Amino acid sequence: MDTDPAAVVARWRACWHAPAHLAVVHGPDAGWAVPLTSARVSVGRAPSADLTLADPSVSRLHACVAPMPDGERYLVRVAAPSAVVRPRRRGRRRPGGPGDTGGTGSTGSRERVRRVRRRALLRVGDALLLGSTRLEVRGTPEPDDAGAPRFTAPRRPPRRSRPSPPPAPTAAGEPAGRATSSGAGRWRSLLALLPMLGMLPLLLAGHASRWWLVGAIGVGAVGAVVVALVGRRRRPPSPPGTDPPDPAAAAVWAAGVGALPALAHAVAAVARPGGSVPPGAAEGAGVLVHGGAAGAPLRIGTEGVAVVGPDEQGLARWLEVQQPGVVRRAAPTRGALEPGPWPVIGARGRLGVSPAWVAAVCHAVGDALPDGALVRVLDPDPARVARAWLDPAAGLPVHLGPGPASGLDLAEHGPHALVAGTTGSGKSELLQSWVLALALGHAPRDLTMLLVDYKGGATFGVAAGLPHCVGLLTDLDAAASARALTALRHELRRRERLLAAAGARDRADLLARGGHLGRLVVVVDEVRALVEDDAARLADLTAVATLGRSLGLHLVLATQRPAGVLEPQLRANLPLRVCLRVLDATDSLDVVGRGDASTFTRPGQAVVTGTAHDGVTQLGRLTAPDAARVVAAVREAAERVRRARRGDLLTVHRPWTPALPAQVGRSAVRAPLLLDVPEETRHAPWRWAGGRLLVSGPPRSGRSTALRALVGDALRAGRPCHVISREPWPRWTATGRDSGHVIHPGLGTTVTTAEPDRLVRLLMLLAQGSDPGAKLVLDDTEAVLDAVDGATRLGTGQDLIATLLQVRDDMAFVVGTAHRWAPSVATHLTLHVRDAGTAAMLGIPRALVDPQAPPGRGVLLDRGVARLAQVVVDDLPLGTAAESAGTEPLLRLAPVPAHVRGPVTGAPAGVLAVGRGGDDAGPVGAVLEPGRPWLVVGPPGSGRTTALGAVADAARAAGLRVVRVDGDGSHHPDRSGPHDRPGPTGDPRPTEDARPTDDAEEVLLVDDADQLDTAESVALVPRLRGRVVVATTPAALLTAFQGVLGGVREARTVLALGGHVPSHAHPGTPRLPLPVPPGRALLVTPRGTLALQVAQPP
């Protein structure tokens, strides 16, 4: 017998039109009915029978019923002892007459039972007993006075009637034909007895007509009895609601009319089934529902009812169909029933219906399964769930509604499933119900589920609380979704290794050998959005679909339209198909090969293919309270299992590692970066082994922290580093960071952008090949470029960086915007990837974009491979480390001293040291050769006179005789020595040293040369052939073309003070940042430029 809802409703509709039909009125299959037409109807447990019964006491082909030629009788042949129940002739209710209930129950003493061994004849109203099942032959249905179905006997020719409207009520509110009182028969009997009572005195008086009186009294008594019987036979039926129809009558009526009859009726008081008011219950409106074995109704109040006993779910379904929401709880025993204010009734001996019957009735009346129906099918009882976990069923069977077509088994019908349906078709409800149903039958150790919801996480919000759930992935966290789905490939390899180690062919073979391998079900809601977000995920799903069967991995993919989304190889591995309502017949044909799904109008209607019962079915849904109830039952079952010391059933394997920590220190990870490697389900440390490294990110994203971690790790490994930054870095000693002067032996030059002279010097030296084994780290490259361009000329910084990229391999630099630098490097760490457009330009997968990333979180692009990374905070001392291997000492450019006191010593022979600075903060000077004058240029207050004094001290220390000329016409003692001899006031002649030697060479110092008159300036020109140092201002130098200034305009040795460097100076000479302190100068020579601080007088 086909139990598909559509086929069942078609049979019921045939019963509605047939002159008679055979209905199951009691037993495990109550509610089923088949028409009695010209064909023979077989009854039994065999699936091929026309009426298949689940009663175990019935044989496979127990009986056959066929109509006789007269159209009134039906021949039944039985293969096993049975019985026929017929109404007694005396007191029998005429079928269809007043008081008949359509055979909704046993009539007790008004029935006679006859055993049948081979065959018997049946009429309408007769019943057939097969085991514990009662079948009844019923005629054409018609409505009674209350609008309930009633069945009449067929006439010749059989009449196919249609339902007629119920009689119009009278003014008193009763239906027509009910005006006769039920006590009229008693009054007729009393009137018939009055003449006999009047004859009694005559009989007692002994008159001659005694025998005549006796005959009269006897006739009167007989008449009274006849009148009483007639009155009893014409007794009107019971009031409406006291005898509702049984399931079979309701089903045939629903198929014929398209609506259920009035199954529940209002009553005026809240009462227990026996009529007593429950304690604490107030009087009010209640209902009468049909729930007894003999047609007795049940009075149920507004607080509902609880059902206990065997087949409690069957009775609960029948009561729920009559009055939705009337059953509050259902349990097999009273001990398992939750206490409450509701009355408790036993299910033993009462009518119950199967889930398939409920689905067929709902299909007939055009409504979806009522809320609460599916939760009764699932039966979320914690004790039952715990027992099911201890002894799980083979495969993954679930029943998501009544009827065999709603039974789905991923292991048997799959191993993978495809669910299709447009918006509002019930797709998300189906997935949630499926997940919860799986959790009820299997322990977390045996079944884990990965839920992927690309609709914001609304679908599996409740199911995420299951102990079976190893993760809920949403489109709100694309990075986590990418990690988890990528880890599926590693999970495939892990399971393959387990099978190979045990020598098993598949999971079933492993279990047979005593091993264990739980199943993993991946449920994806809206796979189209997942694939469009990251196309690489489609390859992961295809790999699971191809290899998952033998490894215990299953996929349930849901989408609105699979066409154009799932590739053929993936679709070929999705044999189980569930197609809910779709907009176009072609979509239905594409999914299940038939166009029925485009005609559906109700949520939950589906076409299921790939099972043994393919066809149309009505799937149920779990309301939010029901879903929460299932999750609570699963959690309670887990607690029971734990208390029973079977905590091993709750052990789950997470197929991927947790997300990267928001902050990690060097004490936990001995590396500068911690990488997420989802395909290997691990977090891997990463070290900068060499090569060009780019670090990019917005401010406060952890760029400097990343560089410090990189430098600290390199120093611990014995690799020297030079650091250029915008802000000063702390000095790193051999034991930690402090403000002392002892730095780590592997740390070279640390310079900031506030020292452009030293910055340019370092870049130039490194570009020329100095320290080839050292790493160069640039923190904030844009600021470094600006500082270099500001100190030299526009474009110099870019040229220096380009040269460094060509000549040096070990180089790390930080930028804010990585677009122009990314093509120049092989390794790129980009922090705070918050923009999908920027990520696409840099080659970063969209799944790794995280708008809410914590500081230090980024993506490492290492030779084309993108991985999520977390910067490690270097919170440990450096420790001792040997200086980097190499023969040459490490280049350390010391900062220029802020103050220098003369005299400056330590200069090479012949060099006039005027201050300290340069690469090592040592003596800085040049050789003053004859005919090659020096030019000292600087604005007022920059220290020109002090510089001339430092030159005089150096010359005197070198044994030279100093001669000074002032430009203001007044004599000033030479501050360079204590033995100056002043000349007469206003004498323009040079002032010579007090103790010159005859053979000492002369050094001429000209201060404020711009203030000399023309004659004096011209008179000094011949002296330029000797050793001469001329001091002037930058403005005067620009306008002087003759005299002594004209002769030194192109001097090759320039001491530039105040940040002003003549235009003829060496190309690339940096400029000092403003403001320049007094005495800070650049010494420009043909050999290069050095920054220095001019020595003050001793």
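**Close-up 1. The loop that holds D1008.** D1008 is found in the loop between strand β47 and helix α24 (1014–1019). This is a predicted model, so keep that in mind as you explore each view. The phi angle of D1008 is near 55°, a positive value in a residue other than glycine. Is D1008 buried or exposed? With a relative accessible area of 18%, D1008 is buried, because buried means under 20% relative accessible area.

**Close-up 2. Strand β46 and its partner β47.** Let us step back into the strand that leads up to that loop: β47 covers residues 1002–1007 and pairs with β46 in the parallel sense, over six bridges. To find one of the matching positions, look for R961, whose bridge partner in β47 is E1002. Strand β46 (residues 961–966) is mostly covered, with six of its six residues buried. Follow the side chains along β46: R961, V963 and V965 point one way, while V962, R964 and D966 point the other way. Both sets are buried.

**Close-up 3. Helix α23, enclosed by its surroundings.** Helix α23 runs over residues 944–957, which makes 14 residues. From its first C-alpha to its last it reaches 20 Å, close to the 20 Å expected at 1.5 Å a residue. Why can we call α23 largely enclosed by the rest of the structure? The reason is that 10 of its 14 residues are buried. Among them are R944, D953 and several alanines, including A947, A950 and A952. Just after α23, look for G959, which takes a positive phi of about 85°.

**Close-up 4. Helix α21 and its neighbours.** Helix α21 (residues 796–807) has 12 residues and spans 17 Å from first to last C-alpha, close to the 16 Å expected at 1.5 Å a residue. Its buried residues are T796, G797, L800, I801, L804 and L805. What do these buried residues pack against? Their neighbours are the strands β33 (692–696), β38 (775–778) and β39 (811–815), together with the helices α19 (756–767) and α20 (781–791).

**Close-up 5. Where α20 crosses α21.** The axes of these two helices come within 7 Å and cross at roughly 125°. That angle makes α20 oblique to α21. On the α20 side, the contact is made by L785, V788 and D789. On the α21 side, T796, G797, Q798, L800 and I801 take part.

**Close-up 6. D771, in the loop between α19 and β38.** Here is another residue to check for its backbone angle: D771 sits in the loop between α19 and β38. D771 has a positive phi of about 50° although it is not a glycine. At 8% relative accessibility, D771 counts as buried.

**Close-up 7. An open sheet of eight strands.** The strands follow the order β24-β23-β25-β26-β22-β27-β28-β29, with mixed pairing. At the edges you will find β24 (469–474) and β29 (615–618), each pairing on one side only. Neighbouring strands of this sheet are turned by 15° against each other on average, direction ignored. Within the sheet, β22 (residues 417–420) and β27 (residues 576–579) run parallel and are joined by four bridges. A417 stands opposite L576 in β27. Helix α16 (residues 585–592) packs on the sheet and touches β22, β27 and β28 (605–609). The direction of α16 makes about 160° with that of β27.

**Close-up 8. Two cis peptide bonds.** A cis peptide bond joins G414 and P415, with omega at about 20°. You can find P415 in the loop between α9 (410–413) and β22. The peptide bond from G902 to P903 is also cis, with omega near -5°. P903 has its place in the loop between β42 (865–873) and β43 (912–917).

**Close-up 9. An open sheet of three strands.** Its order is β18-β17-β19, and the pairing is parallel. The edge strands, β18 (327–331) and β19 (344–346), each pair on one side only. Strand β17 (residues 305–308) pairs with β18 over four bridges, and V308 has A331 as its bridge partner in β18. Helix α5 (residues 312–322) lies across β17, β18 and β19, running at about 165° to β18.

Definitions and conventions. Residues are numbered from 1 along each chain as its sequence is written. This is a predicted model: local features need pLDDT of at least 70, side-chain atom pairs count only at pLDDT 80 or more; totals for chains, interfaces and linings use all residues. Side-chain values use heavy atoms; hydrogens and water are left out. Two strands pair if DSSP finds at least two bridges between them. Axes are lines fitted to C-alpha atoms, for helices over the stretch in contact, and angles run from 0 to 180 degrees between N-to-C directions. Contact means heavy atoms within 4.5 Å. Buried means under 20% relative accessible area, exposed over 50%, partly exposed in between (1.4 Å probe, protein chains only). The expected span of a helix is 1.5 Å times one less than its number of residues. Angles under 35 degrees count as roughly parallel, over 145 as roughly antiparallel, 65 to 115 as roughly perpendicular and the rest as oblique.
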